[in-house]
Amino acid sequence: MGAALQDKVAVVTGGASGIGQATAVRFAQEGADIVVADLQPGEETVGLVKDAGRRAISVPADTTQESDCDAMVAAGVSEFGHVDIGIAAAGIATRGGRSNVQTTQVQPDANHVVNLDTEVFQRVIDVNVLGVMMTDRALARQMLAQGTGGSIVNIASSAAKIPLAGASPYCVSKAGVWMLTKVMGLELAARGVRVNAVGPGYTATPMVDGIEDNKPAYDFAMSITPMHRLGTPAEIAAACLFLAGEESSFFTGQMLHPAGGQFTD
Ligand SMILES: NC(=O)c1ccc[n+]([C@@H]2O[C@H](COP(=O)([O-])OP(=O)(O)OC[C@H]3O[C@@H](n4cnc5c(N)ncnc54)[C@H](O)[C@@H]3O)[C@@H](O)[C@H]2O)c1
């Protein structure tokens, strides 16, 4: 049996770090070439993809900019001739990007809505919802133009379904990603482009750096994670691989939860 993604081309936003990087590497191991699109330099991921024997380019991109979203897809076409898969993993937990566990330790209600600046809420929505919409739109337009179908996977979160005090913009944004996935899945279902989501639980990436040293935050996270551990980026990448490839050919508009048992129905 051949590799699951042999000679496919995948655009991975957020591909410089964490879940996006792990997904890019796993896809390369399965035969795909990769466009690493990120605010941060993507050279490390490009190196890892090349180590796995595939080609990759790094495209600096701010997914809150429509022109950057269009350009990263165009770069994939220009370099590799086509784009078949998109992973929308670029995301932030707070305005600064990382989880707010440290702030919460100092002042438990610092990030409650009553204390929240409008700009903080706006920034998270811009990156996590608007950015994903513009990423998906650019990908879908290219896939439709090619006429060869495609698979888009949005990285939502278990926070799409679990309300977390102090994380209103994040929870709202991820619920938005989940609904966007369902709407786009429907819109494109008869046109050969599938749109699904992965909703990870707590996963050991730079986004949650320091959570293990913050006892109240870590204890809370583990209390809603029956496996009592963080997930690994590789475990999330495995779910992305399933949804990106032909093994999931009858799935669209769905969200899978690699989340250590957070959801049991
Ligand atoms: N780590 C977790 O516990 C967890 C859980 C559920 C969902 N997620 C989601 O997984 C996705 C990946 O996060 P991660 O945990 O790998 O964190 P991460 O911080 O390691 O990676 C996020 C990447 O997105 C990039 N990025 C942020 N804003 C961007 C923008 N405007 N344009 C382009 N790139 C941008 C960052 O530079 C970074 O490389 C995010 O959508 C996150 O919300 C993470």
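Let me begin at the ligand, where a nitrogen atom of the ligand sits 3.0 Å from a polar backbone atom of Thr 63. Please keep in mind throughout that what we are looking at is a predicted model. Two further contacts involve oxygen on the ligand side: a polar side-chain atom of Lys 174 is 2.9 Å from an oxygen atom of the ligand, and an N or O atom in the side chain of Thr 205 is 2.5 Å from an oxygen atom of the ligand. As for how much of the ligand is covered, the protein takes up 96% of the 830 Å² of accessible area that the ligand has on its own.

Which residues come nearest to the ligand? There are 29 residues around the ligand, and the nearest of them are Ser 17, Ile 19, Asp 38, Tyr 170 and Thr 205. When the residues of this shell are sorted by character, 15 are nonpolar, 10 are polar and four are charged. Two helices deserve a mention here, since α1, residues 18–29, and α6 each supply at least two residues of the shell.

Helix α6 also leads us to the strands. The strand β5, residues 150–155, pairs with β6 in the parallel sense over six bridges, and the chain passes from β5 through helix α6, residues 168–188, to β6 in a β-α-β crossover that is right-handed. To point to one place in this pairing, Val 153 has Asn 196 in β6 as its bridge partner. β6 is also joined to strand β7, residues 255–256, by two bridges, and these two strands run parallel; there, Ala 197 stands opposite Met 255 in β7.

Now, is β6 itself buried or exposed? Six of the six residues of this strand, residues 193–198, are buried, so β6 is largely enclosed by the rest of the structure. It helps to recall that in a regular strand the side chains alternate between the two faces of the sheet. In β6 both faces are covered, with Val 193, Val 195 and Ala 197 buried on one side, and Arg 194, Asn 196 and Val 198 buried on the other.

Finally, I would like to turn to a residue in another helix, namely Asn 128, which has its place in α5, residues 118–146. Asn 128 has a relative accessible area of 1%, and because buried means under 20%, this residue counts as buried. What does the side chain of Asn 128 reach? At 2.9 Å, the side chain of Asn 128 reaches the backbone oxygen of Ile 92.

Notes: Residues are numbered from 1 along each chain as its sequence is written. This is a predicted model: local features need pLDDT of at least 70, side-chain atom pairs count only at pLDDT 80 or more; totals for chains, interfaces and linings use all residues. Side-chain values use heavy atoms; hydrogens and water are left out. Buried means under 20% relative accessible area, exposed over 50%, partly exposed in between (1.4 Å probe, protein chains only). Helices (H or I, at least four residues) and strands (E, at least two) are DSSP runs, numbered from the N terminus. Two strands pair if DSSP finds at least two bridges between them. A crossover is right-handed if, with the strands pointing away from the viewer, the path from the first strand over the helix to the second runs clockwise. A residue is near a molecule or strand if one of its heavy atoms lies within 4 Å of it. A polar contact is a pair of N or O atoms within 3.5 Å; within protein, one must be able to donate a hydrogen and the other to accept it, and residues adjacent in sequence count only if both atoms are side-chain atoms. Accessible areas come from the Shrake-Rupley method with a 1.4 Å probe; for residues, only the protein chains shown count as cover. Ala, Val, Leu, Ile, Met, Phe, Trp, Tyr, Cys and Pro count as nonpolar, Asp, Glu, Lys and Arg as charged, and the others, Gly among them, as polar.
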